[in-house]
Amino acid sequence: EVIVVKHLEPFRLSLEKLKVVSTRLRKDMIRGLGKHTHHRAAVKMLPTFVRATPDGTEKGDFLALDLGGTNFRVLHVRVMEEEQKMVKMDSQLCAIPQEIMLGTGEQLFDHIAACLSEFLDSQNLKGQTLPMGFTFSFPCEQKEIDKSILIRWTKGFNCSGVEGEDVVKLLKEAIHRRGDYDISSVAMVNDTVGTMMSCGYRDQTCEIGMIIGTGTNACYMEEMKNVKRVEGEDGQMCINTEWGGFGDDGSLEDILTEFDKVVDRTSINPGVHTFEKMISGMYLGEIVRLVLMKLTEKKLLFKGEVSEALRTKETFETKFISMIEDGLENAKKILTELGLTWDLVDARVVRLVCETISSRSARLCAAALATIVDRIRVNRGLPHLKTTVGVDGTVYKKHPKMQPSMHFLTPDCKIKFLVSEDGSGKGAAMVTAVAQRLALQSRLLEESDGEEDEEEKVRS
């Protein structure tokens, strides 16, 4: 086992190393926020045009649309002020057939508008004109809360005539083509922002959203004066960091292991999303498989005999990691299923490999989160900060190992984690609710300013 530990050494990141990672991310975030440095920054720091978190007075009925893969969901959400809660009244899942995923943009949005129509019928909502939140989990450049340009399709979509276009406009046009219902306003929502906002209604100190699932990303409330690409100095704006791209410019070269490099080379997007590939569910199982392969080749596992399954890419699923960490019985069962001949020492070694790789994932995430939390603290000139992070994603739920590292990395901050319930649905409704509240407040302000102007005129 001593020799095994030596092979796992590159995955063990000291606190010193994590602090270095944190400092690098801080520099990258500043680069991403800069007007003239943004275009070549690895961490994109995208403005979301979400200007506030919930204050608890939001209320009403909202629709939410969540399109992130081969299915999309439509939800009806009711926000109740007196009970401080959001209730999902109902939701419906609609499939997107392959031919629509590869057809024209018009076909895609007509299909979405048709499913939405069906849902409104089933809810008896046809007569009302409700505001809607739209979670669209593809790389977009947001211009306003209701204007978002698709940069490129991912996840198997390739609809013509959508890239470079405003997604809200395409949706509204499809709804108008039908003519049997209308929606009043649309707010575009990134899934991290949805996570922050759905937690933020329950806990108004929540100003960070984080996802560690198939992928990883985070958003947080930044001071408007630092968001150089958007006009205005006052107040705050939520920034979608897109931290999965951290390291794409080579800045994490010294912590990448030989295994990370193989995972990257054999992925569908080599050279992109370096940080994500060390952390998220899509890749962790594959890293473990590559390490087990190497240890077997060095005759430190399974008497040097590799099974066909172990030799095959992506057969070691990420969910096996938490199962194996839960107990040796699971480890024995999984190893048998993978066609391996094992003894007790083998099972122990495999468990050690799993623990090492999931710990590294948690510690890297903790380092990145520490950067954000500390940035908020410094932005506000506070000696201490108490804040809440809304979290979503299966990897976090199965490996909640971040707290210990956070304590050492941000001694000046007290951080609470809240697991989001249905962030991309309820959160999208909450973004819309907050946008409505702010619009109403600014209208009332303008009106009272107008009245004062009138009074001035009368006086003069």
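**Exercise 1. Find how far apart the centres of domain 1 and domain 2 lie, and describe their contact.**

Step 1. Taken over C-alpha atoms, the centres of domain 1 and domain 2 are 29 Å apart. This is a predicted model, where local features need pLDDT of at least 70, side-chain atom pairs count only at pLDDT 80 or more, and totals for chains, interfaces and linings use all residues. Residues are numbered from 1 along each chain as its sequence is written, and side-chain values use heavy atoms, leaving out hydrogens and water.

Step 2. Now place the domains: domain 1 covers 1-47 + 205-419, and domain 2 covers 60-201 + 422-438. These bounds come from an automatic or database domain assignment.

Step 3. Domain 1 brings 21 residues to the contact and domain 2 brings twelve residues (contact means heavy atoms within 4.5 Å).

Step 4. About 1,100 Å² is buried between the two domains, with 69% given by carbon and sulfur atoms. Buried area is the accessible area (1.4 Å probe) that two parts lose on being put together, summed over both. Of the area that domain 1 buries against domain 2, C206, I211 and C219 supply 31%, more than any other three residues.

**Exercise 2. Work out which residues of α7 and α9 meet, and which classes they belong to.**

Step 1. Helices here are DSSP runs (H or I, at least four residues), numbered from the N terminus. Look along α7 for E258, F259, D260, V262 and V263; their partners in α9 are Y283, E286, I287, L290, V291 and K294.

Step 2. Sort them by class: seven are nonpolar, none polar and four charged. Ala, Val, Leu, Ile, Met, Phe, Trp, Tyr, Cys and Pro count as nonpolar, Asp, Glu, Lys and Arg as charged, and the others, Gly among them, as polar.

Note on methods. Helices (H or I, at least four residues) and strands (E, at least two) are DSSP runs, numbered from the N terminus.
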